[in-house]
Amino acid sequence: WCLAFRKRNSKLLFESPKDMSNFTVIKNSLRYWCADPFIIRKDDYNYVFFEMYDRLKRKGVIGYRKIDSNGKISPMKKVFEDSCHLSYPFIFEKEGNYYIIPESNGKKQLYLLKAVSFPNQWEINRILLNEMRLVDTTFLKYDGQVYVFTTPIVDDNISLLSVSKVYNGIIDREKVTIPVLKDKSRARMAGRFIDAGNLIRVSQNCSQAYGGGIVFSEISLQKDRFSEKIISMIDGNGLWVAGRRFDGIHTYNCNEEYEVIDLKTENKFNLIECFGFLRNKVTSLFHKIKKNK
């Protein structure tokens with residue numbers, strides 16, 4: 001996967017889903033590829049936070065790039081790593097503080113990161129939910145209430161969407177386990193909500209393949225009842241961006257200045273990835289021998 005960004009046009013991508021012009025594709029490094037971009041502005045810069053997949057360690061960490069006033073983007077920088085794979089860094093600001101809720105289902109936890117020194121230093125602020133496998137958790141503040149949209153993994157099934165309320169910082173755990181939608185073609189979240197006069201939910205189409213496309217739907221949350229109507233879609237198969245062909249898309253975000261997406265690239269040979277595969281096999285064998293002893 002790789003990232004791409006562009007200055008906002010008069011229409012956002014969901015309003016003109018066939019217009020993929022003016023996106024700049026950001027080149028990956030030899031060691032890392034990138035996905036799940038979220039964008040936030042602080043002071044004079046825009047910051048894109050994303051999953052940096054470490055080919056050597058074979059897991060994701062959280063990193064960022066900075067976009068300056070001239071549209072120049074900085075090299076990627078790793079800012080947080082855990083023992084498990086991390087991705088989907090849902091970032092937000094509250095009362096001058098910055099927080100990230102990453103996907104950390106490998107630890108069966110959902111936790112909150114807080115910036116000790118933005119953007120480079122983050123620490124776990126608190127555990128939101130324990131003993132639960134959740135992916136692509138997205139918060140929404142709407143009509144004075146905070147909602148959590150997430151996909152609980154049940155028997156490795158990722159075709160569910162649940163919606164829960166947050167009361168005094170506590171997530172309604174029971175509601176997280178009750179799906180409001182069972183549909184692999186549009187359940188899983190693909191970015192933060194878009195406020196365009198009406199609320200737009202961005203979701204993933206995983207019906208044929210992971211990264212098969214993204215879906216934009218207008219949602220309603222009346223009397224705690226969730227419903228939505230699809231308004232546009234982007235097919236990730238054979239997608240042309242900046243003169244190149246891509247075979248997947250599964251994240252979209254925007255702020256007042258930029259739109260950011262991720263794109264699935266051609267799978268090419270990478271020596272570091274080979275070393276990572278061998279490293280992982282040797283480590284697993286070592287732990288197995290140690291356990292048997």
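Which residue stands opposite Tyr32 in strand 4? It is Asp54. Keep that pair in view while we go through the strands around it. One caution before that: this is a predicted model.

Let's start with strand 3 and strand 4. Strand 3 covers residues 32-42. Nine bridges join strand 3 to strand 4, and the two run antiparallel. Two residues sit between these strands in their hairpin. Look at Asp43 there: Asp43 takes a positive phi near 55°.

Now go to the other partner. Strand 5 covers residues 59-67. Nine bridges join strand 4 to strand 5, again antiparallel. Here Glu51 stands opposite Ile62 in strand 5. The hairpin of strand 4 and strand 5 has four residues between the strands. In that hairpin, Arg58 takes a positive phi near 60°.

So how enclosed is strand 4, residues 45-54? Nine of its 10 residues are buried, so strand 4 is largely enclosed by the rest of the structure.

Next, the sheet further along the chain. Four strands form an open sheet, in the order 16-17-18-19, with antiparallel pairing. Which strands stand at the edges? Strand 16 (194-195) and strand 19 (225-235) do. Each has a single partner strand, so one side of each is left without a neighbour in the sheet. In the same sheet order, strand 17 comes between 16 and 18. Strand 17 is residues 199-204, and strand 18 is residues 213-222. Five bridges join these two, which run antiparallel. One position to find on screen: Ile200 stands opposite Glu218 in strand 18.

Two single residues to finish. Take Asn253, in strand 22 (residues 252-254). Is Asn253 buried or exposed? Buried: the relative accessible area is 1%, and the cut-off for buried is under 20%. A polar atom of the Asn253 side chain lies 2.7 Å from the backbone oxygen of Pro37. Leaving out residues up to four places away in sequence, Asn253 touches Pro37, Phe38, Gly191, Arg192, Tyr258, Glu259 and Val260.

Then Pro17. Pro17 is in the loop between strand 1 (2-7) and strand 2 (24-26). Pro17 is partly exposed, with a relative accessible area of 23%. What does Pro17 touch, not counting residues up to four places away in sequence? Ser232, Met233 and Ile234. Last distance: Pro17 and Gly211 are 194 residues apart along the chain, and 16 Å separates their C-alpha atoms.

How values were computed:
Residues are numbered from 1 along each chain as its sequence is written. This is a predicted model: local features need pLDDT of at least 70, side-chain atom pairs count only at pLDDT 80 or more; totals for chains, interfaces and linings use all residues. Side-chain values use heavy atoms; hydrogens and water are left out. Buried means under 20% relative accessible area, exposed over 50%, partly exposed in between (1.4 Å probe, protein chains only). A polar contact is a pair of N or O atoms within 3.5 Å; within protein, one must be able to donate a hydrogen and the other to accept it, and residues adjacent in sequence count only if both atoms are side-chain atoms. Contact means heavy atoms within 4.5 Å. Two strands pair if DSSP finds at least two bridges between them.
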